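Subject: The structure I promised you

Hi,

Here is the structure we talked about, ready for you to open and turn around on your screen. Have a look at it first, and then read on for what turned up.

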Amino acid sequence: MSDIGERLGQLTPEQRAALRLRLRLRERARQVPAADGPPDAVPRVRLSLYFFPQARALAAPDYYAMMLRACEFADERGFHAAWFPERHFVDFGGSHPNPSVLAATVAAVTRRLRLRAGSVAAPLHHPVRIAEEWAVVDNISGGRVGVSFASGWHPDDFVLAREPYDERKKTLMRTVEQVRRLWAGEELAFPGTAGTTARVLTQPRPVQPELPVWITAAGHPETFRAAGTAGYGVMTALLGQTLPQLRENVARYRAAWRDAGHAGRGDVVVMTHAHVSDEPDVEDRLRPALHDYLSSYRAQTGDGDEPVLLEAAFQDYLAGPSLLGTPAKAARVLARLAEAGADEVGCLVDFGLPAGDVLAGLPRLAELLPADRPTPADADRSQ
């Protein structure tokens with residue numbers, strides 16, 4: 001029996017069922033057209049860089065240096081934005097405990113690149129701190145910031161929280177509204193710990209009169225509906241939902257947006273893994289990094305990390321709607337994402353590859369930027 005056969009024989013019935021599901025999803029993912037021949041015309045969708053690292057792949061000083069070089073490249077080549085999420089206490093994403101610090105650092109070395117919180121975990125912070133920190137970045141950058149708010153990732157994060165974990169979704173929407181009002185210059189009242197109430201007007205005043213806002217959605221339909229009803233954009237990912245599910249969720253979001261009477265059609269940003277290369281050994285180079293990344297992700301979600309399941313998940317990403325592989329395949333995936341309703345694609349580039357490989361892949365990724373890409377005047381359509 002082969003090594004893979006021996007491993008399959010050792011799986012529990014539940015693990016074998018999970019593997020069969022993975023393989024079915026892999027076949028569905030292969031519906032992405034073959035990548036032979038030159039790339040099709042790239043659709044008019046914004047391209048941004050998204051950073052959410054497997055931190056043990058690079059020491060912190062090396063990682064931050066790579067991130068800055070990548071953002072400088074993106075600024076020069078016309079990428080739309082750089083996205084920085086928030087995580088705490090863990091290796092997976094844990095080098096991003098405060099997106100505003102990273103955004104302020106990048107603001108100082110760029111001129112055009114927009115600077116986004118891939119998430120601010122709203123229940124973990126006082127709205128005054130969120131408004132003031134991002135107003136600082138807005139001033140340093142000359143008005144280039146935007147924030148996607150999340151309800152929180154893990155119960156352990158809530159050692160930082162002001163509100164209970166099981167009330168996080170309600171806390172999220174309340175905090176977003178408070179931040180938006182403070183940003184606009186409204187004075188709000190907050191209780192103090194000495195039994196008093198203080199009226200607060202945040203400083204410094206931001207450059208932008210209105211804060212661009214998104215809601216981070218892992219794939220739950222109700223989050224998409226809530227964001228559309230409130231008139232916010234959506235930041236989502238293909239890690240945790242299939243392309244058909246994404247299409248359905250975007251349709252729910254657009255319908256809720258229309259039903260609430262908002263102008264326009266909203267804004268949907270989709271994060272997906274990205275490393276574009278014509279080199280014949282690209283699959284072998286990607287495998288260790290993505291196995292490690294997916295293993296960490298599955299550990300966070302309570303799934304196993306058996307080698308057979310990890311390899312199946314890895315093959316899903318290669319064959320499916322990710323920007324992993326040749327320029328032709330990536331262009332076709334961008335077209336599929338645009339058809340599903342994406343306005344912007346956040347290219348996750350720092351998933352565990354060596355820093356040199358991350359930077360070396362950026363020029364081929366930049367070739368996917370459409371010639372008629374949106375200008376700052378017509379981007380961020382929902383805001």
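Before anything else, one cut-off you'll need: a residue counts as buried when its relative accessible area is under 20%, and as exposed when that value is over 50%. Also keep in mind that this is a predicted model.

Let's try the cut-off on Q178. This residue sits in helix α6, which covers residues 168–183. Its relative accessible area is 18%, and buried means under 20%, so Q178 is buried. Setting aside residues up to four places away in sequence, Q178 touches P127, L188 and F190.

Now the whole protein. There are 12 helices and 11 strands. Of the 383 residues, 52% count as buried. If you take the contacts between residues at least 6 apart in sequence, 75% of them join residues at least 24 apart.

Next, find strand β3, residues 114–121. How many of its residues are buried? The count is 8 of the 8, so the strand is largely enclosed by the rest of the structure. β3 pairs with two strands that I'd like you to look at:

- Strand β2 (residues 81–84) pairs with β3 in the parallel sense, over 4 bridges. If you want a spot to zoom in on, F84 has A117 in β3 as its bridge partner.
- Strand β4 (residues 145–150) also runs parallel to β3, and 5 bridges join them. Here, V120 stands opposite F149 in β4.

Follow the chain between these strands and you'll meet helices. β2, helix α4 (residues 99–107) and β3 form a right-handed β-α-β unit. Then β3, helix α5 (residues 127–141) and β4 make a right-handed β-α-β unit as well.

On to the pockets. The largest one has a volume of about 900 Å³. It is lined by 35 residues, and the closest to its centre are G152, W153, T216, A217 and A218. Which elements give two or more residues to this lining? They are α6, β7 (213–216), α7 (221–230), β8 (233–237) and α9 (282–301). So you've already met one of them: α6 is the helix that holds Q178. By residue type, the lining divides into 20 nonpolar, 11 polar and 4 charged.

Two leucines are worth a click too. L238 lies in the loop between β8 and α8 (243–259). Its relative accessibility is 11%, so L238 counts as buried. Apart from neighbours within four places in sequence, L238 has contacts that include V270, M271, T272 and Y317. L238 and Y317 are 79 residues apart in sequence, but their C-alpha atoms are 9.6 Å apart in space.

The other is L290, in helix α9. Is L290 buried or exposed? Its relative accessible area is 0%, so it is buried. Leaving out neighbours within four places, L290 is in contact with H273, F314, L324 and F351. The C-alpha atoms of L290 and L310 are separated by 8.8 Å, with the two residues 20 apart along the chain.

One last thing to look up: a cis peptide bond joins Q203 and P204, with omega at about -5°. You'll find P204 in the loop between β6 (197–200) and β7.

Have fun exploring!

Technical notes. Residues numbered from 1 in each chain as written. Predicted model: local features only at pLDDT ≥ 70, side-chain atom pairs only at ≥ 80, totals over all residues. Heavy atoms only, no water. Buried < 20%, exposed > 50% of the residue type's maximum accessible area, 1.4 Å probe, protein only. Contact = heavy atoms within 4.5 Å. Pairing = 2+ DSSP bridges. Right-handed = clockwise from strand over helix to strand, strands pointing away. 1 Å grid on protein atoms, 1.4 Å probe; cavity = no way out; pocket = protein on both sides within 12 Å on 5 of 7 lines; lining within 4 Å. Points joined across faces, edges and corners; volume = space filled by probe spheres on them. Nonpolar A, V, L, I, M, F, W, Y, C, P; charged D, E, K, R; others polar.
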